Amino acid sequence: MTQGFELLKKTIRVANSGIGYEDRLQGILDLLIRLEGIELAVLFFLSPEQDTLEIKKVSPRSMSWDAQKLPLSRSSFKDLIQNRQSLLITPANRREHKALFRNPLLKGFNFLLSLPVEDDNILYGFLGLCSRQSINPSTRVLEELALINCELAGIIRNSRIYTESKKRIAELSVLYQVGKVIGSTLELDDLIQKTGAIIAQVINATGSALLIMDTHTQEMIVESEFGRVPATAKAIMRQDIMGQKKNYIRNRAIPEPAGTAGPWEERKVLSREKSLPQSYSSHMGVSLQFKGPYRGRLCVFEKIAVNGEADSNFGEDDLSILSTIGNIIASALENALTFQKMEALARKNEEMVENLSTLHQIDIALMTTASIQELPHIILDAITLEEGLGFNRAVLFLADEENKTLAPLAWAIQEKRPAKLTDPKIPSLSGPELSRFLVEQAGRLKNTPDGKNAKFKELRIPLTPDSGILARSFLEGQSFIIENALTDPRTNKELVNLLNMKSFAAIPVVGKDKVIGVIEVDNFIDKHPITQGDLHLLSMMAHQAGQALENARLYDFIEKTNQELKVTRERLIESEKMVAIGEMASGLAHEIRNPLVSIGGFVRRLNKRFQEDSQVQTYFQVIISEVERLEKILNEIMEFYQDPRGKYKEWDLNRIIDEALGLMQKEIEKNKITVHKDWAPLPAIFGDDSQLRHVFYNLFQNSCQAMSDGGKLSLRTFLDQGPASPWVVCEIKDTGGGIPLELLHNIFNPFFTTKTLGSGLGLSIVHKIITRHQGEVDIDNRPGEGVSFFIKLPLADETRPIKKNKTDGEENHEPDLNR
Amino acid sequence: MERKIMNRILIADDEEALQKLYKEEFEEDGYEVFLAGNGKEVLTFLEDPAGHPDLIVMDIRMPEMDGISTLRVIKEKYPQIPVILCSAYSEFKQDFSTWASDEYVVKSSDLTELKEAAKRLIKK
């Protein structure tokens with residue numbers, strides 16, 4: 001009783017002492033071998049999976065043992081685990097448990113008493129008490145041993161709970177650290193750096209690596225390493241991402257101690273994978289899950305052995321922590337990635353808005369003028385101004401369609417404006433100030449050519465594909481960036497030398513839908529490379545420039561045409577005046593001539609009657625000679641306004657009609673008349689262009705008056721072979737309702753004096769002029785519908801020989817054949 | 001004196017003073033002169049073939065019916081009667097042949113040219 005009580009008392013004391021867990025187990029075993037007949041006490045631990053046994057503690061401490069594990073499948077303890085009962089092995093039943101006795105530690109012991117170490121719930125292992133002599137414990141001793149085993153179980157359970165709690169706390173602290181790091185930043189690069197470090201630190205790894213792939217582009221958008229990472233790591237992680245591998249641990253195989261055999265040799269590595277090549281670092285990998293279109297992989301490498309742990313392998317606990325960290329950082333990384341994307345987008349947006357606003361200002365400046373002289377300067381200043389597009393230099397080349405070359409029209413170089421830089425009172429050009437400045441600058445004269453400039457000004461680049469990138473840009477309508485002008489075979493070396501270019505861009509200038517020139521842009525001062533973004537901006541700018549230049553060209557053309565038209569019109573008015581004066585003179589002559597003839601005639605009769613009276617005779621003679629003088633003056637006036645045949649030349653009738661039509665454009669538009677022209681190629685006619693133009697002007701005026709509420713004017717020219725000789729014919733057909741029948745027969749009659757046709761004079765002039773030109777006027781009148789005038793003129797070749805025979809009284813007017 | 005058949009001239013002009021001048025001058029030269037004030041009167045006069053003149057002297061600008069229109073009718077109906085256009089318009093002298101008149105005389109106080117033309121045409 002006392003021995004048993006003493007043992008229990010000591011056991012309880014050891015079990016509750018302050019010494020370490022391992023020492024307490026050892027202390028209790030040391031107490032047990034003091035029991036009578038017990039020579040060896042062994043504590044077996046059951047693995048958590050309950051499939052192997054492992055020797056944990058041995059007493060006496062002098063016994064040597066190794067920590068080999070014994071698979072339960074081969075041991076006789078199987079029943080013990082199931083039954084949780086004590087077992088006494090004696091020489092009588094030792095054979096059944098021979099596997100157990102192969103362990104060198106148990107050699108020579110014939111008796112072994114095995115007792116389960118358990119509490120009311122868990123079986124932790126077995127306590128083995130061995131003896132070479134017999135063991136025959138009384139019931140009482142067995143009960144005492146059961147109590148001691150309860151103490152052992154208590155120690156183990158407490159220790160395990162303690163270890164577990166410590167681990168949980170450690171895990172929580174790891175997660176806390178990781179969380180703190182992740183929360184500290186939104187910057188992707190910063191986040192990656194920090195997580196790499198913290199992961200390696202909390203897992204006790206020598207290195208960590210992180211890879212994130214964009215699943216759309218299959219490109220790695222994050223590749224980061226921390227600490228020591230094997231060179232092959234990235235390639236393997238990439239494969240893992242592509243193959244969407246699950247989380248795994250790969251530990252390096254630990255070499256087996258030589259000469260061991262038997263069931264203990266089956267001691268294996270924790271890995272469920274096959275053993276790996278020696279060169280391969282032990283590592284763990286977990287996949288990172290994202291909501292967005294990313295896939296990632298987080299790996300740690302080479303565990304650092306701590307606190308004398310038997311091996312430096314990664315365990316399931318490590319993997320679970322890594323996986324948890326992976327989940328946390330995945331969402332943090334995704335946030336950072338999104339943030340980065342948004343930031344980039346915002347930056348791009350801001351840049352775009354800025355560029356668009358600049359382009360808008362440039363556009364406003366371009367709109368202010370249609371001057372072909374000012375526009376190139378606005379365009380080039382806009383490109384080179386710091387507040388504009390800010391390039392160092394720009395040259396505008398325009399195409400010379402006739403010679404098929406590109407010629408430099410104007411250029412601009414960025415000017416540093418020190419006044420602006422040093423004087424804060426002068427604001428930078430923002431918003432509308434930019435356009436205003438551009439317009440002001442354009443008025444100033446620039447680019448006075450000095451020596452090199454003069455040479456450059458004369459440069460002509462042929463428009464062939466092999467004359468350099470500018471010509472190609474023009475021909476293909478494409479923009480180009482040349483990185484190195486000196487080595488690039490596509491450049492024009494003459495141009496490169498003249499401008500001393502390194503890197504430049506060539507942008508086609510498109511007006512309407514035709515390329516009209518090329519802009520060369522470079523940064524020859526600050527050497528900034530020209531980017532695709534720059535090219536895009538320049539292309540937009542060149543597009544605006546092209547439109548403006550095209551408009552200016554058109555405006556220029558219209559201006560010139562207008563000027564010509566004005567001159568023609570003035571000339572026509574002049575000739576119309578002449579005709580009117582002629583008409584007046586002719587009318588006047590007629591009116592004066594009749595009474596003059598009467599006076600003269602009767603005076604002559606009087607003179608015959610009074611031949612005797614010499615006094616009266618002299619009076620009559622005076623009157624007669626004065627009347628003759630007046631008649632002579634009248635004849636001279638009439639002759640002066642007669643057809644000036646000397647001015648006759650060869651003309652294309654189509655052109656004359658077109659010019660006359662041009663003079664009527666306003667009236668035609670005002671009356672909403674549509675004009676349909678059908679010109680046939682015609683042989684030349686011979687005549688006075690201003691008179692002929694007058695013919696068509698009068699006819700068009702007639703048609704316009706007839707179609708004051710709109711209508712259709714159809715003009716057609718053709719060659720009519722005619723019965724005798726060919727005519728050049730123009731048909732003028734309107735929809736003005738035609739001419740009332742009662743007026744028709746008199747419309748050409750200038751002598752018809754019943755004055756019914758007020759405006760008939762115009763048509764009589766038409767008739768007179770055409771008659772003078774040996775032509776004819778025909779009418780096709782369709783009352784209620786419209787009228788067609790046919791103006792028929794002989795060909796120049798027909799007219800001239802005839803004219804020679806009819807030159808009575810006008811010998812002095814030789815036709816001008818040398819036109 | 002041997003009575004000679006007098007040549008008949010029809011003068012068409014709307015100016016009464018000129019009618020009187022022509023009439024007196026041609027009668028003095030031995031012509032029988034008839035007068036008309038416009039083209040219509042000329043055509044009326046010509047309706048009687050027995051009274052056809054040997055010559056018509058006609059102004060161009062006349063009321064009711066002008067000389068050119070009248071000339072066109074005369075040349076169509078009575079091509080045998082010679083016509084002298086006698087007008088104040090000198091500029092049409094060069095074109096008179098296109099109007100098919102036999103002579104074109106610009107009016108003048110000196111009637112020599114007209115008289116010679118008349119003599120020439122009647123002789124034919």
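Two strands pair if DSSP finds at least two bridges between them. Helices (H or I, at least four residues) and strands (E, at least two) are themselves DSSP runs, numbered from the N terminus. Keep both in mind for chain B.

Now the ground rules. This is a predicted model, where local features need pLDDT of at least 70 and side-chain atom pairs count only at pLDDT 80 or more, while totals for chains, interfaces and linings use all residues. Residues are numbered from 1 along each chain as its sequence is written, chains are lettered from A and ligands numbered from 1 in the order in which they are written, and side-chain values use heavy atoms, with hydrogens and water left out.

Let's start with the sheet in chain B. Strand E1, residues 8–12, pairs with E2(B) in the parallel sense over five bridges. Look at Ala12(B): in E2(B), Ala36(B) stands opposite. Now zoom out. The open sheet has five strands, in the order E2-E1-E3-E4-E5 (chain B), with parallel pairing. Which strands are at the edges? They are E2 (32–36) and E5 (103–106) of chain B, and each pairs on one side only. From one strand to the next, the twist averages 20° (axes are lines fitted to C-alpha atoms, for helices over the stretch in contact, and angles run from 0 to 180 degrees between N-to-C directions). In general, strands of a sheet pair through backbone hydrogen bonds, either parallel or antiparallel.

Next, chain A. Chain A has 22 helices and 24 strands. Of its 819 residues, 45% are buried. Buried means under 20% relative accessible area, exposed means over 50%, and partly exposed is in between (1.4 Å probe, protein chains only). Chain A exposes about 44,200 Å², and carbon and sulfur atoms supply 53% of that area. These areas come from the Shrake-Rupley method with a 1.4 Å probe; for residues, only the protein chains shown count as cover. Now contacts, meaning heavy atoms within 4.5 Å. Among contacts in chain A with a separation of 6 or more, 66% join residues 24 or more positions apart.

One helix to find in chain A is H9, residues 375–384. Ten of its ten residues are buried, so H9 is largely enclosed by the rest of the structure. Among them are Leu375(A), His377(A), Asp381(A) and Thr384(A).

Move on to helix H19 of chain A, residues 689–706, where we find Cys704(A). Is Cys704(A) buried or exposed? Its relative accessibility is 5%, so Cys704(A) counts as buried. Leaving out residues up to four places away in sequence, Cys704(A) touches Met664(A), Glu667(A), Ile668(A), Asn671(A) and Ile673(A). Asp734(A) is 30 residues along the chain from Cys704(A), and their C-alpha atoms are separated by 8.6 Å.

Now for aromatic pairs. Rings of Phe, Tyr and Trp (its six-membered ring) pair if their centres lie within 6.5 Å; planes under 30 degrees apart count as stacked, over 60 as edge-to-face and the rest as tilted. The whole structure has five such pairs over all chains. One is Phe696(A) with Phe700(A): tilted, 6.4 Å centre to centre, with 40° between the planes. These two are four residues apart in helix H19 of chain A, so about one helical turn separates them. Both are buried. In chain B, the ring centres of Phe34(B) and Phe45(B) are 5.0 Å apart and the planes lie at 45°, so that pair is tilted. This pair links distant parts of the chain, from Phe34(B) in strand E2 to Phe45(B) in helix H2 (residues 39–46), eleven residues apart. At 24% relative accessibility, Phe45(B) counts as partly exposed.

Last topic: salt bridges. A salt bridge is a side-chain nitrogen of Lys or Arg within 4 Å of a carboxyl oxygen of Asp or Glu. The structure holds 45 over all chains. Which residue of chain B forms a salt bridge with Arg605(A)? Glu24(B) does, with the closest N and O atoms 2.6 Å apart. That pair crosses between chains, from helix H15 (residues 532–609) of chain A to helix H1 (residues 16–28) of chain B. Arg605(A), at 10% relative accessibility, counts as buried, whereas Glu24(B), at 24%, counts as partly exposed. Both belong to a network of salt bridges that also includes Lys608(A) and Lys115(B).

Stay in helix H1 of chain B. Lys23(B) and Glu27(B) meet in a salt bridge, 2.9 Å from N to O. They lie four residues apart, about one turn of the helix.
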